[in-house]
Amino acid sequence: MTDAGWITAAWDPLGAALQSGTAPWQILLLLAASTLLLEDLAIAAGAALAAAGSISWEAAFIAVAGGIALGDLGLYALGRAAGKVPWLYRRYIAGRAPVLRGRLESRLWQAVMLARVVPGLRLVTYTVCGFARVGLTKFSAAVLVAVAAWTGGLMWLGAAAGAHIVQKLGVSAPLAVALPVVAIALVFPLFRWFRQRFFS
C-alpha cells in the first residue's frame, strides 16, 4: 500500500456512495440536513460531491450554506422562545433589555463573524441575540454574510488545495478537496485538547 493508500482505502466506500445514482435533490436535502450535525464536515462533503460531479459547486454551496443559515436562525429562535418564559426573562433580562440589545446590535457583525469561526461560541451568541430580542432583520443579514463567507471560503480552499493534493498524493479529486476542509475543522478541537492536556 502506498503512502496515500490508507486514505484511498478509507475513502472508497464513500466514493462508491457518491456514484450510486442518488437523485441530486436527495443529495442536496441530505447535505443541508447534515449541517445540523457537523457543519464543517458537511462543507467537506459538499465539496467532495461537487468534485465527484454528483452535484454542481453552486448547488453544493447553496445546500450547505442554506442548511447552516437555517440552523443559526434556529438558535436565534430558541433564544427568542426562552425570552418568553417569564421567570427566565425576569432573572436575566428584566430592566436591562434595552442596554443589552443596544450593546449586541452595536457589535452584531463582529459577534456573528467571531462566533462563525470559533467553535463553541455560536450556541451562546445566537441564543443570547434571540433572548435579548436583537432585530431579526439585522441578525439574519449578519448570519447570511458570515455563512456565505465561511462556506464559500472553505469550499474555495478545498478546490484550490485539492488540485495540489491530487498531484502530490495521487488520491481521488473528491477526497483531495475534502481533506483541507476536514483539516481546518480539526484545528480548534486539537488545539483545545493539546492545551488542556499539556498546559492545564
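Here's a quick briefing on the helices, ring pairs and charged contacts of this chain.

The model is predicted, so treat everything below as computed from it. The chain has 10 helices and 0 strands, so to speak an α-only run from the N terminus on. Of its 200 residues, 36% count as buried. If you look at contacts between residues at least 6 apart in sequence, 75% of them join residues at least 24 apart.

**Helix H4**

- Helix H4 covers residues 57-82, which makes 26 residues. At 1.5 Å a residue it should span 38 Å, and its end C-alpha atoms do sit 38 Å apart, so expectation and model agree.
- A good number of H4 residues are buried, namely Ala 60, Ala 63, Val 64, Ala 65, Gly 67, Ile 68, Ala 69, Asp 72, Tyr 76 and Gly 79.
- What lies over those buried residues includes helix H2 (24-34), helix H3 (39-52), helix H7 (108-117), helix H8 (121-131) and helix H9 (136-169).
- Leu 78 also belongs to H4, but at 51% relative accessibility it counts as exposed, because the cut-off for exposed is over 50%.
- The C-alpha atoms of Leu 78 and Cys 129 are 9.9 Å apart, with their positions 51 residues apart along the chain.

**Aromatic rings**

- The structure holds 2 aromatic pairs.
- One of them is Tyr 76 with Phe 139, a stacked pair with 4.8 Å centre to centre and 25 degrees between the planes. Tyr 76 is in helix H4 and Phe 139 in helix H9, so this pair links parts of the chain 63 residues apart.
- How buried or exposed are these two rings' residues? Tyr 76 has 3% relative accessibility and counts as buried, and Phe 139, at 0%, counts as buried too.
- Phe 139 also pairs with Tyr 126: the ring centres are 5.3 Å apart and the planes stand at 85 degrees, so this pair is edge-to-face. Here the link runs from Tyr 126 in helix H8 to Phe 139 in helix H9, 13 residues apart.
- Tyr 126 is buried as well, with a relative accessible area of 0%.
- Put together, the ring pairs link Tyr 76, Tyr 126 and Phe 139 into a cluster.

**Salt bridges**

- A search of the whole structure turns up 4 salt bridges.
- Glu 39 and Arg 122 form one of them, at 3.2 Å from N to O. Glu 39 is in helix H3 and Arg 122 in helix H8, and 83 residues separate them in sequence. Both residues are buried.
- Asp 72 and Arg 116 form another, at 2.5 Å from N to O. This one connects helix H4, home of Asp 72, to helix H7, home of Arg 116, across 44 residues of sequence. Both Asp 72 and Arg 116 are buried.
- Glu 105 and Lys 138 also make a salt bridge, with their closest N and O atoms 3.6 Å apart. Glu 105 lies in helix H6 (residues 97-106) and Lys 138 in helix H9, so the pair ties together parts 33 residues apart in sequence.
- Glu 105, at 25% relative accessibility, counts as partly exposed, and Lys 138 is partly exposed with a relative accessible area of 48%.
- Salt bridges with shared partners join Glu 39, Asp 72, Arg 116 and Arg 122 into one network.

**Asp 40, a charged residue without a salt bridge**

- Asp 40 is found in helix H3. It is buried, yet it has no salt bridge.
- Which side chain of opposite charge is nearest to Asp 40, and how far away is it? That would be Arg 116, at 5.7 Å, and the distance rules out a salt bridge because the cut-off is 4 Å.
- The Asp 40 side chain does make a polar contact with the side chain of Trp 150, at 3.1 Å.
- Leaving out residues up to four places away in sequence, Asp 40 touches Trp 150, Leu 154, Val 181 and Ala 185.

Note on methods. Residues numbered from 1 in each chain as written. Predicted model: local features only at pLDDT ≥ 70, side-chain atom pairs only at ≥ 80, totals over all residues. Heavy atoms only, no water. Helix = DSSP H or I, 4+ residues; strand = E, 2+ residues; numbered from the N terminus. Expected span 1.5 Å × (residues − 1). Buried < 20%, exposed > 50% of the residue type's maximum accessible area, 1.4 Å probe, protein only. Contact = heavy atoms within 4.5 Å. Lys, Arg positive; Asp, Glu negative; His and termini not counted. Polar contact = N/O pair within 3.5 Å; in protein donor to acceptor, adjacent residues only side chain to side chain. Phe/Tyr/Trp six-rings, centres within 6.5 Å; stacked < 30°, edge-to-face > 60°.
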